[in-house]
Every structure is written in C-alpha cells, then in structure tokens.
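This report walks through one protein structure for a reader who has not seen it before. The sequence and the model come first, and the notes follow.

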Amino acid sequence: MVCHIVLLKCKSAITEQETLQLESALVSLEGKIPGLRQVIFNKNISPEGKQQGFTHGFYMMFENLAARDVYLTHPEHQQVKPFIRQVLADEPEAILVIDL
C-alpha cells in the first residue's frame, strides 16, 4: 500500500461550500482511478499548534506505486487539480505532498 498525503494552506476566505465541493471532488475519484482504495479529506483539527499554516489535507491509499503513478497523470486527477489550486492561499509553499 502507498499513502499519498497532501497538506494544503487554503485561502483565509475559503467557504464551507468550497470545502465540501473539494471533498466531494476528491472522494469521487474512488472508483474512477484504478488502484485508488480510499480518499479522506478534512480541515486541520490538531490542538498542537504545529500545522505551520496548513489548514486542510487529504490522504489517498493506493494498492501500490504503479497505481499511484497512474493517478498522477490520470484525466480525472487533472480535472480536480485546478479546483485545488483555486482554494490555495497565494503563497509559494501552499501545498506539501509526501508519499509513504
């Protein structure tokens, strides 16, 4: 299994509707991208104060590296990317991606 983790610094004016739309768009990728097993999206709820400005995040579980690689260039993923960019804060390091 491969866990694809994405942290987002969203614009301060992000609305609840935008948050729900983004979640829906991401979760809708399940069943459309081969090997994508699970998508979880939410806003940060950590009380530790170590979020460094990251306000939202999601993770995706893939069967293997090959499935993750298919996702990276998949047309359905490409359709979601502009909406992610739309909710990001206007700063160079508004997104962080790691795979485990």
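## The nonpolar core

In this predicted model, the largest nonpolar core has 23 residues. Those with the most contacts inside it are Leu 8, Leu 22, Leu 26, Phe 58, Met 60 and Ile 84. At least two core residues come from each of E1, H1, strand E2 (36-43), E3, H2 and H3. H3 gives the largest share, four residues. Nonpolar side chains tend to be buried together in soluble globular proteins.

Phe 58 shows what such a position touches. Setting aside neighbours within four places in sequence, Phe 58 is in contact with His 4, Ile 5, Val 6, Leu 8, Leu 26, Ile 40, Phe 41, Tyr 71 and Ile 84.

## Strand E1 and its partners

Strand E1 covers residues 2-8. Five of its seven residues are buried, so E1 is mostly covered. E1 pairs with E3 in the antiparallel sense over seven bridges, and with E4, also in the antiparallel sense, over five bridges.

Ile 5 has a partner on each of these strands: Tyr 59 stands opposite Ile 5 in E3, and Ile 98 is the bridge partner of Ile 5 in E4.

## Helices H2 and H3

Helix H2 spans residues 65-73, and its buried residues are Ala 67, Arg 68 and Tyr 71. Viewed down the axis of H2, these buried residues fall within an arc of 100 degrees, so they line one face of the helix. An α-helix has 3.6 residues a turn, so residues three or four places apart point the same way. The cover over the buried residues of H2 includes strand E1, strand E3 (56-62), helix H3 (75-87) and strand E4 (95-99). At the N-terminal end of H2, Asn 64 acts as a cap, with a side-chain oxygen 3.2 Å from the backbone nitrogen of Ala 66.

In H3, the buried residues are His 77, Val 80, Phe 83, Ile 84 and Val 87. They pack against E1, helix H1 (16-27), E3, H2 and E4.

## Salt bridges

Six salt bridges are found in the whole structure. In one of them, the side chains of Lys 9 and Glu 91 meet at 3.3 Å, N to O. Lys 9 is in the loop between E1 and H1 and Glu 91 is in the loop between H3 and E4, so this pair ties together parts 82 residues apart in sequence. Lys 9 counts as buried because its relative accessibility is 12%, under the 20% cut-off, whereas Glu 91, at 37%, counts as partly exposed.

Another salt bridge joins Lys 32 and Glu 76, whose closest N and O atoms are 3.9 Å apart. This pair also links distant parts of the chain, with Lys 32 in the loop between H1 and E2 and Glu 76 in helix H3, 44 residues apart. Both ends are partly exposed: Lys 32 has 41% relative accessibility and Glu 76 has 24%. In addition, salt bridges that share partners join Arg 68, Asp 69 and Asp 99 into one network. Glu 18 forms a salt bridge with Lys 11, the closest N and O atoms being 3.2 Å apart. Here Glu 18 is buried, at 12% relative accessible area, and Lys 11 is partly exposed, at 27%.

Definitions and conventions. Residues numbered from 1 in each chain as written. Predicted model: local features only at pLDDT ≥ 70, side-chain atom pairs only at ≥ 80, totals over all residues. Heavy atoms only, no water. Buried < 20%, exposed > 50% of the residue type's maximum accessible area, 1.4 Å probe, protein only. Arc of directions from axis to C-beta. Contact = heavy atoms within 4.5 Å. Polar contact = N/O pair within 3.5 Å; in protein donor to acceptor, adjacent residues only side chain to side chain. Core = buried A, V, L, I, M, F, W, Y, C linked by side-chain atoms within 4.5 Å. Pairing = 2+ DSSP bridges. Salt bridge = Lys/Arg side-chain N within 4 Å of Asp/Glu carboxyl O.
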